[in-house]
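Student: I would like to learn how to read the packing of helices in a model. Could you take me through it step by step?

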Amino acid sequence: MKQLFDDVSFKCSKLVTKNYSTSFSLAVYMLSPSIRDAIYSIYGFVRFADEIVDSFHGFDKADLINDFEKEYYKSYKAGISLNPILNSFQHTVKEYNITDDLIQAFLKSMKLDLVKSDYETQDEYEDYIYGSADVVGLMCLKVFVKGNAVRYEQLKGEAMRLGSAFQKVNFLRDLKDDNLVLNRNYFPGVDLKSFDEKDKTAIIKEIEEDFKVAYQGIVKLPIEAKFGVYTAFVYYKKLLKKLEKTPYHEIGSARIRVSNYTKAGLLAQSFVTYKLKLV
């Protein structure tokens with residue numbers, strides 16, 4: 001039965017999410033069951049593409065990402081793929097009217113990681129973040145508003161700022177791996193060899209402004225999505241606070257994390273705030 005295969009495909013996307021990101025998986029679990037599978041499918045798609053360019057050393061990454069793209073479009077046209085991640089994603093794209101410009105912008109940023117190491121101008125930086133993070137937030141927003149074009153346009157700006165905030169926190173947290181392992185520097189005007197407290201403070205201030213704007217969109221989200229997105233928001237705010245308290249020289253030498261115990265506390269805090277309708 002085709003339905004059985006589709007069910008297995010979505011379960012594969014869920015498995016990818018749970019294994020690659022316990023934090024994001026927890027946030028998705030806080031969403032309404034009616035939209036969880038769609039968000040899992042989006043995460044599975046973007047995670048596999050990201051893994052190709054970041055982790056598959058010793059393989060022809062350019063061929064792999066190009067094949068991944070071709071297989072996606074083949075699955076979209078045919079309505080099926082034997083790759084379960086692509087099969088579930090193409091279903092979500094069609095059901096929630098995820099426009100192709102979002103997918104193309106994402107793939108463009110992934111391919112940039114194969115050829116570009118430094119983002120020297122603000123325009124380059126913003127263009128990369130738009131494709132690598134903002135559009136992922138917009139794909140999720142399409143699901144949250146169930147493809148409603150009017151609601152989508154109303155919340156689009158805030159969703160992009162939330163995606164930007166998440167990505168910039170990841171950039172700051174992953175300075176060591178991005179610089180030493182992948183030889184990348186995403187922050188324009190920042191020399192990682194002389195990275196100091198002033199650089200760190202400026203980046204954190206930028207992220208805090210993104211969070212401030214993003215919060216205004218979270219409070220307007222449909223009930224099915226609000227608690228899950230707020231949970232992710234609280235987690236990333238906590239991670240940013242840890243980075244703020246970490247000496248600049250330690251950010252570049254160790255990966256900052258939020259413990260599982262702290263995550264549980266944040267979840268409880270988020271739940272109380274949500275139930276009291278403070279968000």
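Student: Is the crossing in which H6 passes H7 left-handed or right-handed?

Tutor: The handedness depends on which way the near helix is turned from the far one, anticlockwise by less than a right angle being left-handed and clockwise being right-handed. In this predicted model, H6 passes H7 in a left-handed crossing.

Student: At what angle do the axes of helix H6 and helix H7 cross?

Tutor: Helix H6, residues 100–115, and helix H7, residues 122–144, cross at roughly 140°, and their axes come within 8 Å. Angles over 145 degrees count as roughly antiparallel, and H6 and H7 are therefore classed as oblique to each other.

Student: Which residues of H6 and H7 make the contact?

Tutor: On the H6 side they include Leu102, Ile103, Phe106 and Met110, while on the H7 side Tyr128, Val135, Leu138 and Met139 are among them. By class, the residues of this contact of H6 with H7 divide into 12 nonpolar, three polar and four charged.

Student: How do helix H4 and helix H5 pack, by angle and by distance between their axes?

Tutor: Helix H4, residues 61–78, packs with helix H5, residues 84–95, at an angle of about 55°, and their axes are 9 Å apart. H4 and H5 are therefore oblique to each other, and their crossing is right-handed. Phe68, Glu71, Tyr72, Ser75 and Tyr76 of H4 meet Leu86, Phe89, Gln90, Val93 and Lys94 of H5, a contact of H4 with H5 that has six nonpolar, two polar and two charged residues.

Student: Is phenylalanine 48 buried, partly exposed or exposed?

Tutor: The class follows from relative accessible area, with buried meaning under 20% and exposed over 50%. Phenylalanine 48, which lies in helix H3 (residues 33–55), counts as partly exposed because its relative accessibility is 28%.

Student: Which residues is phenylalanine 48 in contact with, leaving aside its neighbours within four places in sequence?

Tutor: With those neighbours set aside, phenylalanine 48 is in contact with Val16, Phe68 and Ile85. Its partner isoleucine 85 is 37 residues away in sequence, yet the C-alpha to C-alpha separation is 8.4 Å. Phe68 also appears among the H4 residues that meet H5.

Student: How many helices and strands are there in the protein chain?

Tutor: The protein chain has 13 helices and zero strands. Of its 279 residues, 51% are buried, and among contacts between residues at least 6 apart in sequence, 70% join residues at least 24 apart. The chain exposes about 13900 Å², of which carbon and sulfur atoms supply 55%.

Terms used. Residues numbered from 1 in each chain as written. Predicted model: local features only at pLDDT ≥ 70, side-chain atom pairs only at ≥ 80, totals over all residues. Heavy atoms only, no water. Axes fitted to C-alpha atoms, helices over the stretch in contact; angles between N-to-C directions. Helix = DSSP H or I, 4+ residues; strand = E, 2+ residues; numbered from the N terminus. Parallel < 35°, antiparallel > 145°, perpendicular 65-115°, else oblique. Contact = heavy atoms within 4.5 Å. Nonpolar A, V, L, I, M, F, W, Y, C, P; charged D, E, K, R; others polar. Buried < 20%, exposed > 50% of the residue type's maximum accessible area, 1.4 Å probe, protein only. Areas by Shrake-Rupley, 256 points an atom, 1.4 Å probe, with all protein chains shown as cover.
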